[in-house]
Amino acid sequence: MRLKPAIVILQAEIDEAYPTMTEQNEHAEQSMVHIDHMYKDWFLDYASYVILERAVPAIEDGMKPVQRRILHAMKEMDDGRFNKVANVIGQTMQYHPHGDASIGDAIINLGQKDLLIETQGNWGDVRTGDSAAAPRYIEARLSKFALEVAFNNKTTEWQLSYDGRKNEPLTLPMKFPLLLAQGAEGIAVGLSTKILPHNFCEILDAAIKHLKNKKFELYPDFNTGAMIDVGNYNDGMRGGKVRVRARIEEVDKKTLAIKDVPYGTTTSQLVDSILKANDNGKIKIKSVTDNTAKDVELLVQLAPGVTTDQTIDALYAFTDCEISISPNACVIIGEKPHFIGASDLLKHSVQHTKALLLRELEIRLGELEDDWHYSSLEKIFIEKRIYRDIEEETTWEGVLTAIDNGLKPYKKKLRREVTRDDIVRLTEIKIKRISKYDTFKADEHIKGVEDEIAEVNNNITHLNDYAIRYYEGLLKKYGKGRERKTEIRPFETIQVNTIAIANTKLYVNWKEGFIGTGLKKDEHAFDCSDLDNIIVFRRDGKMMITKVADKTFVGKDIIHLAIFQKNDERTTYNMIYVDGKTGFSFAKRFNVTGITRDKEYDLTKGNPNSKVHYFSSNANGEAEVVAITLSPGSKARIKVLDFHFEELEIKNRGAGGNQVTKYPIKSVKFKEKGRSTLSALKIFFEKSIGRLNKDGNGILLGHFDETDRIISFYKDGTYELTDFELTNRYDPDNLIHIEKFNPERIVSAIYYDNKSAQYYAKRFVVESQTLKNKYLFIKEGEGNFLKLVTTQAEPVVTMVTGKKKADQQEEELALHETIDVTGWKAVGTKIAGNDLKEITLVSDGNESESPTLFD
């Protein structure tokens, strides 16, 4: 055989051992992973981890993993005494694969919610933003509530901890809608969750109503108190919004007191926002002092010339005294994030609780059945002396067989088969127990077990009723002291441009057509706010509205400019202009209620060379008289004539107007002030928010002219006179009566004097009429209050007296016949004692004199 050369053999071996570069490249392309695919996989893995393991709570127990691990660690440590938080953190780190800082923050957050954890030491203050003391200085233990609703080893599903050394709960067997009670907030990758806390008692009431197939409503409640408008809550789902306000009280005419903070805001943040608004000219204050201790109190001293009503509106509009919160309820259901509402969260929790209660009942039933079975076996074994059958047996199997044979006649009385384990257990009974066996006690025990089995079976059959009793028990046991802290009430919409303080000066160059806050070399027009819109009229008949700016060109030859109020139907503009095409002059009256900003509008017929002869702005629709002088060269016989604007109707700005003359006009001059052609202004009062309006909301107080006033009466026995500015505020919780003030009407009032325990009636005419000053017209004293007030001409009241219902009597009293008219400071006349149960005003039939009386 011919041999291959050595070199050839060696090359073949090399080719086999080391593939060619082409083959290597082909293999590399097949195994190569593109970097965009790597990022896609990594991102999804990381996003899933953050969503499921860190940021979003599970719907089963309402907890994030770190919170669940904290509670599990605390349960393992629980001996009824407080533990150092540092020790709790160390115990939790056996289960939580992150640092001690995240665990510490989470446990402080849980403790400040005051539901699952009882605290001891300085745990900080959510109202002021003060942080808690170091973990080594503060202590914690599980609350009795947590121990009752969150733990049961028999119904808990377990999993290995991150390092495989420990078992930890997959979810806690939570038998309460914890997610709704505590709320939750978290930011994950690609989504976030924000569930607002709700009231403990209202949650349980809603759960009971749901089990009874009744409708229920759930609204947020915050441990910081304050007020909330839930009109757009949208059941806590995406797209909803709540507005939260701090309570602001008037201490005196120069001082306001802020009594709480909105949820998620601290007193220091609130003070900073107030100072910032003051620096920016949005509000005017002298100082703000934080006196917060047990209760929140921020005192705001007002600057001179500023009213409390205007400042309260400005605080809500420009500071953190009012905030908007957008809920976004996202929870983990079946290892996936889902967006659901508060009502669905409650319903899911109720069904989950029912399932846990059923599981507990089934476990308990099994335990009772085992107890009954063994107790019965033991009773048979001892009473029938079956233990004697094993005396002759020499083997273990023989012993078991003998016992089994001895039990056979009685097996029909048992509820299940006798197993080998049962027999083995019988052999373990000690002689001492057999000798002291008490048949009576054994029968009592079996009877008790049978009764409990019947009860458990009944609860399983009527699981819904059992769940209702469970929730009622929680409410009775833990509901005290957990009443609603946040008051639900509708808020008015504050128009910021109406309450904004004039914090800048506006300048104008009339000829060149520039306006702005930076034109300090030109003429000062007026003071305004940087939020205002300015309406501008020019000699060529054009009009424009523009926002206040440093410098804006609005067109040459300006004839009038002012702050524009949107939807103002009372400011009326009177104008005479000449049409550039025909030479005829026209007059018109119009309002400007709303237009597009920075758009030019033509108020003439739109022809070139049109020009305005006369223009005036009238805040209340006044119609003046002007003197028109025609050109000397005109053919008109009468060269001077008067024109009365009141003869024109008020139309829209696009109307051409009425012809005044076809002859050229030399001049138009103001001659005589006219009266308003508008009807008196209708003013309405909306009780729920305590505000006036012109929009028809609430009750009609009347038609108001410039000098008219409003009188209001309050439960504390004071009255107050005000103008009808829409910025006025009236305390809806304290207000009893409000109406258009008529100085000739007699006020009839009934009030209670706590010291004498008597009801007094008095009639008087309002004498002190200083605006926005409250006058006390009942006896001064703690516990005194105004019961009823009216300005009816002939008021009649019905009184029901008598402490016992059987002894009660009804009496009518005509106040105008029995009570004399005296001064407003008079004490009045006694009409009843403290046995007065009810008093009702009987209308005298004159509706115009019977304004709304608030209960």
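## Close-up views of a predicted model

**View 1. Helices α4 and α6 cross.** In this predicted model, helix α4 (residues 65–77) packs on helix α6 (residues 100–112) at an angle of about 80°. Their axes lie 10 Å apart. Angles from 65 to 115 degrees count as roughly perpendicular, and α4 and α6 are therefore roughly perpendicular to each other. From α4, the residues V66, Q67, I70 and M74 take part in the contact. From α6, their partners are S102, I103, A106, I107, N109 and L110. Seven residues of this contact are nonpolar and three are polar. None is charged.

**View 2. Helices α12 and α17 cross.** Helix α12 spans residues 342–383, and helix α17 spans residues 463–478. They pack at an angle of about 105°, and 10 Å separates their axes. That angle makes α12 roughly perpendicular to α17. On the α12 side, look for S349, V350, T353, K354, L357, L358 and L361. On the α17 side, look for L463, N464, Y466, A467, Y470 and Y471. What kinds of residue make up the contact of α12 with α17? Nine are nonpolar, three are polar and one is charged.

**View 3. The largest nonpolar core.** This core has 79 residues. Those with the most contacts inside it are I70, I107, F145, F176, L346, Y471 and L474. Some of these names appeared in the earlier views: I70 and I107 belong to the contact of α4 with α6, and Y471 belongs to the contact of α12 with α17. Which element gives the largest share of the core? Helix α12 does, with nine residues. In soluble globular proteins, nonpolar side chains tend to be buried together.

**View 4. F176 and its partners.** F176 is one of the residues with the most contacts inside the largest core. Which residues does F176 touch, beyond those up to four places away in sequence? They are L115, F145, V149, A181, F200, I203, L204, S349, T353 and L474. Of these, F145 and L474 are also on the list of residues with the most contacts in that core. S349 and T353 appear in the α12 side of View 2. Apart from the largest core lies another one, of 27 residues. Its members include I258, V296, A314 and L315.

**View 5. L345 in helix α12.** L345 lies in helix α12. Is L345 buried or exposed? It is buried, because its relative accessible area is 5% and buried means under 20%. Leaving aside neighbours within four places in sequence, L345 contacts I59, L179, L180, I195, V331 and I340. Take L180 from that list. L345 and L180 are 165 residues apart along the chain, yet their C-alpha atoms are separated by 7.5 Å.

**View 6. E393 in a loop.** E393 sits in the loop between α12 and α13 (396–407). At a relative accessible area of 34%, E393 is partly exposed. Not counting residues up to four places away in sequence, E393 touches G398, V399 and A402. How far apart are E393 and Y470 in space? The answer is 54 Å, C-alpha to C-alpha, with their places 77 residues apart in sequence.

**View 7. F586 in strand β26.** F586 is found in strand β26 (residues 585–590). F586 counts as buried, at 9% relative accessibility. Beyond neighbours within four places in sequence, its contacts are M575, I576, Y577, D579, K605, G656, G657, N658, Q659 and V660. T770 lies 184 residues from F586 along the chain. The C-alpha atoms of this pair are separated by 47 Å.

**View 8. Two loop residues with positive phi.** D598 is not a glycine, but its phi is positive, about 65°. D598 lies in the loop between β26 and β27 (601–602). Its relative accessibility is 48%, so D598 counts as partly exposed. A757 also is not a glycine, and its phi is positive, about 55°. A757 is found in the loop between β40 (746–753) and β41 (758–765).

**View 9. Two buried cysteines.** C321 counts as buried, at 0% relative accessibility. C330 is buried too, with a relative accessible area of 0%. A disulfide is a covalent bond between the sulfur atoms of two cysteines. How many disulfides does the structure hold? The number is zero.

Notes
Residues numbered from 1 in each chain as written. Predicted model: local features only at pLDDT ≥ 70, side-chain atom pairs only at ≥ 80, totals over all residues. Heavy atoms only, no water. Axes fitted to C-alpha atoms, helices over the stretch in contact; angles between N-to-C directions. Helix = DSSP H or I, 4+ residues; strand = E, 2+ residues; numbered from the N terminus. Parallel < 35°, antiparallel > 145°, perpendicular 65-115°, else oblique. Contact = heavy atoms within 4.5 Å. Nonpolar A, V, L, I, M, F, W, Y, C, P; charged D, E, K, R; others polar. Buried < 20%, exposed > 50% of the residue type's maximum accessible area, 1.4 Å probe, protein only. Disulfide = S-S within 2.5 Å. Core = buried A, V, L, I, M, F, W, Y, C linked by side-chain atoms within 4.5 Å.
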